[in-house]
Amino acid sequence: MWAGERRQTITGMGVPRGVTLIVGGGYHGKSTLLAGLERGVYPHIPGDGREYVVADPDLVKIRSEDGRSVTAVDIRPFIGSLPSGRDTRSFSSDNASGSTSQAANIVEALEVGASGLLLDEDTCATNFMVRDARMQALVAKEHEPITPFLDQIEALYRDRGVSTVLVMGGSGDYFEVADVVVMMRDYQPVDVTAEAKRIATEQQSTRQRETGGDIGRLRERGPDAGSLDPRATSRKGKVRVRGAEQIQYGHSDLDLRYLEQLVDRSQTAAVADALELLGKKLAKDSLTLRELMDDLDARFDREGVETVSPFQGQHPGNLARPRRFEVAAALNRLRVLRVTQKED
């Protein structure tokens with residue numbers, strides 16, 4: 001409650017922990033509701049109009065991202081052994097597909113402590129989200145390395161306490177696994193959980209549940225200090241911010257346009273400075289990525305966002321605090337990144 005403001009009762013919709021499905025016809029507000037949640041991780045000033053739209057600050061928006069770089073990520077919970085015997089315990093790619101990039105995005109978010117995932121089917125890889133009964137009949141499981149998100153969504157919450165809010169307009173197979181089903185009608189939310197469960201009971205799906213890797217245990221990674229040094233690939237070691245969506249980091253061009261919760265250039269500038277700071281930290285201490293983000297958050301809490309500025313004691317410039325998830329996501333997209341994986 002802000003100073004000078006009268007106390008008031010606020011009513012509205014709460015989204016519980018667990019699995020929440022947002023359904024409805026096209027243009028009725030499904031994606032708009034999800035966008036409110038993804039921006040609700042940041043507090044808004046009084047009078048903004050969104051100050052009462054709040055969300056757990058550790059929610060992470062997930063999507064597919066064809067072509068992104070992935071370095072030694074354990075994507076076994078969602079993708080098993082690939083053709084030619086490629087091991088997905090330590091998956092790397094300079095040009096990840098829609099499904100492998102989405103699997104990596106989820107695992108990387110879990111690695112640094114995401115409490116929940118936000119997904120919109122419009123920006124997800126279709127083959128990653130579901131395989132229907134007919135496709136299962138045609139392509140046997142032994143020839144399909146992907147375990148659909150549908151079959152791991154409950155384990156995410158059961159084994160790791162990670163909730164999911166999913167916009168889904170194309171597959172009713174998710175009715176069975178949802179704890180809550182919200183239908184958007186003319187931009188108004190309606191709880192249709194009971195109706196969705198009745199339909200799921202009366203119209204039984206013939207698809208078979210598929211099993212993936214253990215979602216409770218993931219192999220942690222420790223970044224190599226040298227790979228975060230912009231001078232390692234460029235003699236001048238320049239770090240430049242080009243708008244809210246791109247950083248030139250040495251010779252690496254970091255494309256951050258799909259990090260939808262990175263909302264301002266000042267955050268991107270802080271991310272760029274943070275990467276250099278993390279490289280210096282790793283040169284002194286061997287830390288996992290999660291430990292590195294814990295240390296960065298503690299510094300932010302203790303010293304403010306200016307702690308990442310190379311101009312200590314001077315005006316730090318136009319910086320705004322980024323979340324650990326966007327800092328880690330930027331680090332994970334460095335094409336020169338090297339990591340050491342912890343053993344199981």
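This passage walks through a few neighbourhoods of a predicted model, beginning with one buried strand and ending with a pair of packed helices.

A good place to start is strand β5, which spans residues 116-120. This strand is mostly covered, with 5 of its 5 residues counted as buried. In a regular strand, side chains point alternately to the two faces of the sheet. The cover on β5 extends to both faces: Gly116, Leu118 and Asp120 are buried on one side, and Leu117 and Leu119 are buried on the other.

Strand β5 also has partners to describe. Strand β2, residues 59-62, pairs with β5 in the parallel sense, and the pairing runs over 4 bridges. Within this pairing, Lys61 has Leu118 of β5 as its bridge partner. Strand β6, residues 163-167, is joined to β5 by 5 bridges, and these two strands likewise run parallel. Here Asp120 is found opposite Val167 of β6. Leu118 and Asp120, the residues named in these two pairings, are both on the face of β5 that also includes Gly116.

Just ahead of this strand comes Ser115, in the loop between α2 (98-111) and β5. Ser115 has a relative accessibility of 16% and therefore counts as buried, since the cut-off for that class is under 20%. Which residues does Ser115 contact, leaving aside its neighbours within four places in sequence? They are Asp56, Asp58, Leu59, Gly161, Val162 and Ser163. Of these, Leu59 belongs to the stretch 59-62 that forms β2, while Ser163 belongs to the stretch 163-167 that forms β6.

Attention can now move to another part of the model, where an open sheet of 3 strands is arranged in the order β10-β11-β12 with antiparallel pairing. The edges are taken by β10 (239-241) and β12 (252-255); each has a single partner strand, so one side of each lacks a neighbour in the sheet. From one strand to the next, the twist averages 15°. Between β10 and β11 (residues 246-249) there are 3 bridges, and the two strands run antiparallel. In this pairing Val241 faces Ile247 of β11. The sheet also has a helix packed on it: α7 touches β10, β11 and β12, and its direction makes about 25° with that of β11.

One residue of this sheet is worth a closer look. Asp253 lies in strand β12, and is it buried, partly exposed or exposed? With 46% relative accessibility, Asp253 counts as partly exposed, because that class covers values between 20% and 50%. Not counting residues up to four places away in sequence, Asp253 touches Arg242, Gln246, Ile247 and Gln248. Among these contacts is Ile247, the residue of β11 that stands opposite Val241. Asp253 also offers a way to relate the two regions: Asp253 and Leu117 are 136 residues apart in sequence and 27 Å apart in space, C-alpha to C-alpha.

Helix α7 has a helical partner as well. Helix α7, residues 265-284, packs with helix α9, residues 324-332, at an angle of about 70°, and their axes are 10 Å apart. This angle makes the two helices, α7 and α9, roughly perpendicular. The crossing of α7 past α9 is right-handed. On the α7 side, the contact is made by Val271, Ala274, Leu275 and Leu278, and on the α9 side by Val327, Ala330 and Leu331. What classes of residue make up the contact of α7 with α9? It has 7 nonpolar residues, with no polar and no charged ones.

Methods:
Residues are numbered from 1 along each chain as its sequence is written. This is a predicted model: local features need pLDDT of at least 70, side-chain atom pairs count only at pLDDT 80 or more; totals for chains, interfaces and linings use all residues. Side-chain values use heavy atoms; hydrogens and water are left out. Axes are lines fitted to C-alpha atoms, for helices over the stretch in contact, and angles run from 0 to 180 degrees between N-to-C directions. Angles under 35 degrees count as roughly parallel, over 145 as roughly antiparallel, 65 to 115 as roughly perpendicular and the rest as oblique. A crossing is left-handed if the near helix is turned anticlockwise from the far one by less than a right angle, and right-handed if clockwise. Contact means heavy atoms within 4.5 Å. Ala, Val, Leu, Ile, Met, Phe, Trp, Tyr, Cys and Pro count as nonpolar, Asp, Glu, Lys and Arg as charged, and the others, Gly among them, as polar. Buried means under 20% relative accessible area, exposed over 50%, partly exposed in between (1.4 Å probe, protein chains only). Two strands pair if DSSP finds at least two bridges between them.
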